[in-house]
Amino acid sequence: MPNPVKRQLVGNSEELPRNEKELLALIRPEALPRHVAVIMDGNGRWAAQRGLPRSAGHQAGIETLRRVVELCGELGIPILSAYAFSTENWRRPPEEVNFLMNLFVEYAAREIEELREKGVRVKVIGCRSELPPAVLAAAERLERETAQGERLLLNLAVNYGARREIVDAVRAIARKVRAGELEPEEIDEDTVAAHLYTAGLPDPDLLIRPAGEMRVSNFLLWQLAYTELYVTPVFWPDFSRVDFLQALVAYQRRERRFGGLKMS
Ligand code: FPP
């Protein structure tokens, strides 16, 4: 008997077409994820493969982000969360950190018009107090000037760490308890969720991790509790429309039980 577990582990995309039209025909629009999260990994390896500096990989990664934003808009996926810079990424050499910070500022300046035209609303999630002033200003401008977007919410995680996010939420809740606004017994899962950067949003249905790493790297730890994980060996700069569509088809073939039993 075929082993469905094995099929799920090895069968992410191997048997799927590599043609956009054929993939689109396989997608059920009514069952698309409402929220997709992506870890934009493999930029450095992509660059190294080509004998290029790591910065070239990050630059190319921006193009992929644009592609994925566009496709989410076309398909009607309402929320995309993209991991751009983690609280741990400060450990990289200062040149790379500076490059990434500048890249964000440039991205904000260059893309703002197109994002507005496409109806994309940007929200920057992460710990803002440690961001260089130019990055903070670019983030605030992006948010302000795209605030009317109704087609897609793009959460850009910059200086983001999920443990830090949870610590911040716990502190905010503790302050409310101290102020007498909340009883400890009243604190439940909804209370915690309402104090995260993603307050009010549905949890991701699908997490896409390119470059083959089998971990979640401190991204949206609370929110990923029941998210479907999709790992592909493709490096982020090479991640194409076809790769994204394959991830969606693979997602739609999964059976989500949320801890319950098979529905049939
Ligand atoms: C991980 O690849 C990627 C990053 C740490 C940065 C991701 C950033 C971008 C795609 C561009 C920045 C986004 C915005 C919105 C400005 P890696 O460097 O760890 O790759 P490696 O694991 O192959 O070395």
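Two strands are taken to pair if DSSP finds at least two bridges between them, and helices (H or I, at least four residues) and strands (E, at least two) are DSSP runs numbered from the N terminus. The structure is a predicted model, in which local features need pLDDT of at least 70 and side-chain atom pairs count only at pLDDT 80 or more, while totals for chains, interfaces and linings use all residues. Residues are numbered from 1 along each chain as its sequence is written, and side-chain values use heavy atoms, with hydrogens and water left out.

**Exercise 1. Describe the surroundings of strand 2, beginning with its partners.**

Step one is to look at strand 4, where Ala-82 of strand 2 has Leu-156 standing opposite; seven bridges join these two strands, which run parallel.

Step two turns to strand 1 (residues 35–39), which is joined to strand 2 by five bridges, again in a parallel run, and here His-35 is opposite Ile-79.

Step three asks about burial, where buried means under 20% relative accessible area, exposed over 50%, and partly exposed in between (1.4 Å probe, protein chains only). Strand 2 is largely enclosed by the rest of the structure, because seven of its eight residues are buried.

**Exercise 2. Find the largest pocket and say what lines it.**

Step one is to fix the terms: on a 1 Å grid over the protein atoms alone, a cavity is a set of points where a 1.4 Å probe fits but cannot get out, whereas a pocket is an open set with protein on both sides within 12 Å along at least five of seven lines, and lining residues have an atom within 4 Å of a point. Grid points are joined across faces, edges and corners, and a volume is the space filled by probe spheres set on the points.

Step two gives the result, a largest pocket with about 710 Å³ of space. Of its 32 lining residues, Met-40, Tyr-83, Ala-84, Phe-85 and Asn-89 are the closest to its centre.

Step three sorts the lining by class, counting Ala, Val, Leu, Ile, Met, Phe, Trp, Tyr, Cys and Pro as nonpolar, Asp, Glu, Lys and Arg as charged, and the others, Gly among them, as polar; the lining then has 15 nonpolar, nine polar and eight charged residues. Among the elements that each supply at least two of the lining residues are strand 2 (79–86) and strand 4 (152–160).

**Exercise 3. Place the annotated residues relative to this pocket.**

Step one is the record: an unreviewed UniProt entry gives the annotation "active site" to Asp-41 and Asn-89. Although spread over 49 residues of sequence, they cluster in space, with a largest C-alpha distance of 12.2 Å, and the lining of the largest pocket includes both Asp-41 and Asn-89.

Step two takes Asp-41, which sits in the loop between strand 1 and helix 3 and counts as buried at 17% relative accessibility. With contact meaning heavy atoms within 4.5 Å, and residues up to four places away in sequence not counted, Asp-41 touches residues including Arg-209, Glu-213 and Trp-236.

Step three takes Asn-89, found in the loop between strand 2 and helix 5 and buried with a relative accessible area of 15%. Leaving aside neighbours within four places in sequence, Asn-89 is in contact with Ala-84 and Val-97.

**Exercise 4. Describe the largest cavity.**

The count comes to one cavity of 30 Å³ or more, and the largest cavity has a volume of about 60 Å³. Helix 5 (94–117) gives the most to its lining, with four residues, and the lining divides into four nonpolar, no polar and four charged residues.

How values were computed:
UniProt positions are given in the numbering used here, feature names are shortened, and annotations may be inferred rather than shown by experiment.
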